[in-house]
Amino acid sequence: EILAISTIVYSLTNEPEAFGRTTIEALSLGVPVIGYEHGGTAEILTAVFPGGLVDVFDIQTAADRTEQFLRELPTVPNEHPYTTERLQGATLSLYQKITEDREPRWT
C-alpha cells in the first residue's frame with residue numbers, strides 16, 4: 001500500500017540486494033524508482049527503467065534525479081520481464097533440471 005501511494009521509491013542500500021524485489025514491485029505499480037547501480041536493483045532498472053539508475057553512493061545524483069522526477073514525473077513502462085509467472089517457470093525448470101541430472105539416493 002505504501003508503494004502504491006508513493007511518488008518515487010528509492011533503493012539506495014549500502015549492500016546490493018540479491019533480488020531487488022522492492023524495485024520491481026514499485027515499477028509494477030507504475031511508480032518510478034531511483035536506485036544504486038548494484039545487485040538486483042541494477043539488473044531490474046537497466047532492463048525496465050534505466051533513468052532511475054545512479055552510481056553507488058552518489059547521493060547528489062539521486063537528489064538531482066529526484067528534483068527532475070518531481071518537475072516532470074517519468075512514465076514507467078507497463079510491461080517488464082520480471083513477472084511471477086516467469087519466476088515460477090524458471091524455478092520449476094531449474095528444479096526439473098536438477099532432478100534429471102542427479103541419480104536418486106534411494107533404491
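The legends below describe close-up views of a predicted model.

**View 1. Strand β2 and its pairing with strand β1.** Strand β2 spans residues 33-36. Val 33 and Gly 35 point one way from this strand, while Ile 34 and Tyr 36 point the other way. All four of these residues are buried. Strand β1, residues 9-11, runs parallel to β2 and is joined to it by three bridges. Within this pairing, Ser 11 stands opposite Gly 35. Between the two strands the chain passes through helix α2 (residues 21-28), and the resulting β-α-β crossover is right-handed.

**View 2. Strand β2 and its pairing with strand β3.** Strand β3 covers residues 53-54. Two bridges link β2 with β3, and the pairing is parallel. Tyr 36 has Val 54 in β3 as its bridge partner. Helix α3, residues 39-48, together with β2 and β3 makes a β-α-β unit that is right-handed.

**View 3. The aromatic pair of Tyr 36 and Phe 57.** The count of aromatic pairs in the model comes to two. In the pair shown here, the ring centres of Tyr 36 and Phe 57 are 5.7 Å apart. Their planes stand at 65°, and because planes over 60 degrees apart count as edge-to-face, the pair is assigned to that class. Tyr 36 belongs to strand β2, whereas Phe 57 lies in the loop between β3 and α4 (59-71), so the contact ties together parts that are 21 residues apart in sequence. Tyr 36 is buried, with a relative accessible area of 5%. Phe 57 counts as exposed, at 52% relative accessibility.

**View 4. The salt bridge in helix α2.** The structure holds one salt bridge. It joins the side chains of Arg 21 and Glu 25, with an N to O distance of 2.8 Å. Side chains of opposite charge can pair when their charged atoms come close. Both Arg 21 and Glu 25 lie in helix α2, where they are four residues apart, about one turn of the helix. Arg 21 is exposed, with a relative accessible area of 60%. Glu 25 has a relative accessible area of 33% and is partly exposed.

**View 5. A nonpolar surface patch.** Leu 92, Leu 94, Tyr 95 and Ile 98 make a nonpolar patch of about 420 Å² on the surface. One of these residues, Leu 94, lies in helix α5, which spans residues 84-101. Leu 94 is partly exposed, and its relative accessible area is 48%. Leu 94 can count towards the patch because its value is over 30%.

Notes:
Residues numbered from 1 in each chain as written. Predicted model: local features only at pLDDT ≥ 70, side-chain atom pairs only at ≥ 80, totals over all residues. Heavy atoms only, no water. Patch = residues over 30% accessible without salt bridge, like charges linked within 9 Å, V, L, I, M, F, W, Y side chains within 5 Å. Areas by Shrake-Rupley, 256 points an atom, 1.4 Å probe, with all protein chains shown as cover. Salt bridge = Lys/Arg side-chain N within 4 Å of Asp/Glu carboxyl O. Buried < 20%, exposed > 50% of the residue type's maximum accessible area, 1.4 Å probe, protein only. Pairing = 2+ DSSP bridges. Right-handed = clockwise from strand over helix to strand, strands pointing away. Phe/Tyr/Trp six-rings, centres within 6.5 Å; stacked < 30°, edge-to-face > 60°.
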